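Dear colleague,

I am handing over the structure we spoke about, and you will find the sequence and coordinates just below. My notes on what was found follow directly after.

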Amino acid sequence: MPLVIGPNQELDLDGLKSNIEAYEEAGFQGYVAFGCMGEFYATSDEEFRKIIDVAVDATKKIACVFGTTFHNTGECIKRTKYAEDAGADGVMVGLPYLIPCTFEAAYEHYRQVNDAVDDIQIMAYNNPSSFRFNITPELWDKLVELDRIKAVKESNGDVVHRTRVVSRIAKRINVFPGGENWLLGDALLGANGIVSVVGPGTPKATLAFFDACMKRDLNRAISFHMKFSELFGDVTADNEVAWLKACAEIGGLKAGPPRAPYAPIDPQLRK
């Protein structure tokens with residue numbers, strides 16, 4: 001879900017509300033705000049709280065999940081508790097990323113967040129290209145013992161890693177590939193969800209692809225997989241936020257520019 005920004009870098013809360021309504025009308029089961037492509041790093045604490053308050057109030061029929069990743073465990077817990085108290089259904093938690101974690105530090109981070117909450121569900125977020133740490137199958141052997149961790153968004157693109165992780169934990173927690181490009185392979189191994197990247201621009205296609213994967217309709221699923229993989233060929237680490245926002249706008253949603261210093265997508269690529 002993109003962070004919705006106005007032309008002068010201000011929050012567009014009306015746009016946020018209209019996007020949530022569009023997600024519900026499209027048939028999505030939920031949304032995740034404040035992911036990496038959703039610019040979790042780009043808001044003040046006051047803006048973070050305002051977005052959660054407005055989004056929870058605007059959400060009527062689907063699950064609302066908010067990223068609470070931060071540079072340190074204490075602030076991550078603070079944000080997680082705010083989301084829980086506001087009525088969110090879940091939080092998505094990546095690891096502190098300025099200094100790489102050790103195995104022990106990564107587990108301790110999740111343990112402290114887990115123990116600080118009462119009812120909210122936690123989605124662990126594995127994205128080693130952003131967080132400089134990879135949640136291995138061996139670490140998952142410990143994480144699945146934490147009672148509030150109910151899901152993972154897996155965004156490590158290594159095929160061997162994904163195979164080992166998904167096959168190891170899919171019967172114990174919900175596995176969400178972090179984009180359409182990984183859905184088919186993960187679904188065959190037991191994944192039962194997706195945190196979509198392209199969905200804001202192509203809701204019908206994303207939902208049809210997901211349905212085909214869940215039903216093991218391989219002829220239909222492979223066709224979608226090839227088309228989505230072509231789309232992902234344009235996404236780079238430099239343009240991914242701008243790419244998501246352009247995709248959402250082309251699909252009729254509100255997005256606006258990335259927050260400074262990052263630039264909108266190249267006009268030719270948008271075309």
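Two helices, α11 (240–250) and α12 (267–270), each supply at least two residues of the lining of the second largest pocket, and of the elements involved it is α11 that gives the most, with 4 residues. Please bear in mind throughout that this is a predicted model. The pocket in question, the second largest, has a volume of about 200 Å³, and the residues that line it include W243, A246, C247 and I250, together with L269 and R270. Also in that lining are V198, G201, T202, L231, D234 and I265. Sorted by class, the lining of this second largest pocket comprises 8 nonpolar, 2 polar and 2 charged residues, which may be of use when you choose how to treat it.

Turning to the sheet, there is an open one of 6 strands, in the order β1-β2-β3-β4-β5-β6 and with parallel pairing. Its edge strands, each of which pairs on one side only, are β1 (30–33) and β6 (174–177), and from one strand to the next the twist averages 25°.

At the β6 edge, strand β5 (residues 149–154) pairs with β6 in the parallel sense over 4 bridges, and A151 has N174 of β6 as its bridge partner. Towards the other edge, helix α2 (residues 45–58) lies across β1 and β2 (63–67), and the helix runs at about 175° to β2.

With best regards

Definitions and conventions
Residues numbered from 1 in each chain as written. Predicted model: local features only at pLDDT ≥ 70, side-chain atom pairs only at ≥ 80, totals over all residues. Heavy atoms only, no water. Pairing = 2+ DSSP bridges. Axes fitted to C-alpha atoms, helices over the stretch in contact; angles between N-to-C directions. Contact = heavy atoms within 4.5 Å. 1 Å grid on protein atoms, 1.4 Å probe; cavity = no way out; pocket = protein on both sides within 12 Å on 5 of 7 lines; lining within 4 Å. Points joined across faces, edges and corners; volume = space filled by probe spheres on them. Nonpolar A, V, L, I, M, F, W, Y, C, P; charged D, E, K, R; others polar.
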